[in-house]
Amino acid sequence: MHLTDEQLNEYLDEATNERAQIEAHLSSCDECAARLSTLQNVFAELDSLPEVALTRNLAAPFTPRPSLPAQLPKFLTLTVTLQAAVALTAIIIAAPFIAQLIPVLELSSLSSVFIQLQTQWASWLDTLSQFQMPTLPTIPFELSSIYLMSAVVGVFMLWLVGNGLLLRNQIK
Ligand SMILES: [Zn+2]
């Protein structure tokens with residue numbers, strides 16, 4: 001029985017507890033002794049190889065790149081600021097009207113709030129059932145309502161334009 005490659009490797013690594021048996025076999029078997037010296041030469045050659053630096057960075061293609069510029073162009077920042085300003089103005093204009101629509105609830109206790117909501121809901125349903133389209137000769141909207149409507153439409157238009165500009169910039 002000749003020595004296995006594993007036994008020879010372990011012998012070279014000095015990681016064997018069959019050292020005496022292996023040495024006994026090597027001294028009597030030229031074939032295994034030759035295999036051992038071949039293995040020794042291979043390892044010696046591997047050790048003598050110089051460390052070669054990579055000529056190009058292999059990790060580079062996998063490094064995430066920022067797809068968006070860090071800073072938005074000036075005109076876009078202006079658009080966003082304008083949007084915010086107009087939206088804020090619209091909210092300030094609309095707030096009193098919305099406040100008028102929402103009746104003031106007495107927040108004395110939770111149960112009373114619930115009862116108030118219930119009665120309010122009932123009265124809303126009542127109002128809805130009695131709602132009639134305004135007849136043509138009378139002015140369908142109050143002036144304040146027209147302001148409110150135009151403010152909402154204006155904000156919506158600005159919103160669309162601003163977002164369109166933002167999207168176009170991202171696609172580029
Ligand atoms: Zn042998």
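Trainee: How many disulfides does the protein have?
Mentor: Zero disulfides are counted in this predicted model. A disulfide would be a covalent bond between the sulfur atoms of two cysteines.

Trainee: Then what are Cys29 and Cys32 donors of?
Mentor: The zinc ion. Cys29 and Cys32 each offer their SG atom to the zinc ion. His2 joins through ND1 and His25 through NE2. The protein donors lie 2.0 to 2.4 Å from the zinc ion.

Trainee: What geometry does the site of the zinc ion have?
Mentor: Tetrahedral. The angles among the four donor atoms run from 97 to 129 degrees. For four tetrahedral donors, the ideal angle at a metal is 109.5 degrees.

Trainee: How are the donor residues spaced in sequence?
Mentor: The spacing reads H-x22-H-x3-C-x2-C. Take histidine 2 and cysteine 29, which are 27 residues apart and link distant parts of the chain. Histidine 2 sits in the segment before α1 (5–12). Cysteine 29 is in the loop between α2 (19–28) and α3 (30–48).

Trainee: Where is histidine 25 placed?
Mentor: In helix α2. Leaving aside neighbours within four places in sequence, histidine 25 is in contact with Met1, His2, Leu3 and Cys32. Two of those names, His2 and Cys32, are also on the list of zinc donors.

Trainee: Is cysteine 32 buried or exposed?
Mentor: Buried, with a relative accessible area of 0%. Cysteine 29 is buried as well, at 8%.

Trainee: And the histidines? Why does histidine 25 count as buried?
Mentor: Histidine 25 has a relative accessible area of 19%, and buried means under 20%, so histidine 25 makes the cut. Histidine 2 has 43% relative accessibility, so it counts as partly exposed.

Trainee: New topic. How many salt bridges are there?
Mentor: Two salt bridges are counted. Aspartate 5 pairs with arginine 35, and the closest N and O atoms are 2.7 Å apart.

Trainee: What does that pair tie together?
Mentor: Parts of the chain that are 30 residues apart in sequence, because aspartate 5 lies in helix α1 and arginine 35 in helix α3. Arginine 35 is partly exposed, at 25% relative accessibility.

Trainee: Which residues form the other salt bridge?
Mentor: Glutamate 23 and arginine 19. Their closest N and O atoms are 3.8 Å apart. The cut-off is 4 Å, so the pair still counts.

Trainee: How are glutamate 23 and arginine 19 arranged in helix α2?
Mentor: They are four residues apart in helix α2, so about one helical turn separates them. Glutamate 23 is partly exposed, at 38% relative accessibility. Arginine 19 is partly exposed too, with 31%.

Trainee: Let's zoom out. How many helices and strands does the protein have?
Mentor: Six helices and zero strands. Along the sequence the pattern is α-α-α-α-α-α.

Trainee: What share of the residues counts as buried?
Mentor: Of the 172 residues, 13% count as buried. The accessible surface comes to about 14,900 Å². Carbon and sulfur atoms own 66% of that surface.

Trainee: What about contacts across the sequence? How much comes from residues 24 or more positions apart?
Mentor: Those residues account for 60% of the contacts with a separation of 6 or more.

Trainee: Give me an example further along. Where is threonine 79 found?
Mentor: In helix α4 (residues 74–101). Not counting residues up to four places away in sequence, threonine 79 touches Gly162 and Leu165. Threonine 79 and leucine 158 are 79 residues apart in sequence, yet their C-alpha atoms are 8.5 Å apart.

Trainee: Is threonine 79 buried or exposed?
Mentor: Buried, at 16% relative accessibility.

Trainee: One last residue. Which helix holds serine 150?
Mentor: Helix α6 (residues 143–171). Serine 150 is partly exposed, at 42% relative accessibility.

Trainee: How far is serine 150 from alanine 90?
Mentor: Their C-alpha atoms are separated by 9.6 Å. Along the chain, serine 150 and alanine 90 are 60 residues apart.

Terms used: Residues numbered from 1 in each chain as written. Predicted model: local features only at pLDDT ≥ 70, side-chain atom pairs only at ≥ 80, totals over all residues. Heavy atoms only, no water. Helix = DSSP H or I, 4+ residues; strand = E, 2+ residues; numbered from the N terminus. Buried < 20%, exposed > 50% of the residue type's maximum accessible area, 1.4 Å probe, protein only. Contact = heavy atoms within 4.5 Å. Areas by Shrake-Rupley, 256 points an atom, 1.4 Å probe, with all protein chains shown as cover. Donors = N, O, S within 2.8 Å, 3.2 Å for Na, K, Ca; no water. Tetrahedral: all angles 85-135°; square planar, octahedral: opposite > 155°, others 65-115°. Salt bridge = Lys/Arg side-chain N within 4 Å of Asp/Glu carboxyl O. Disulfide = S-S within 2.5 Å.
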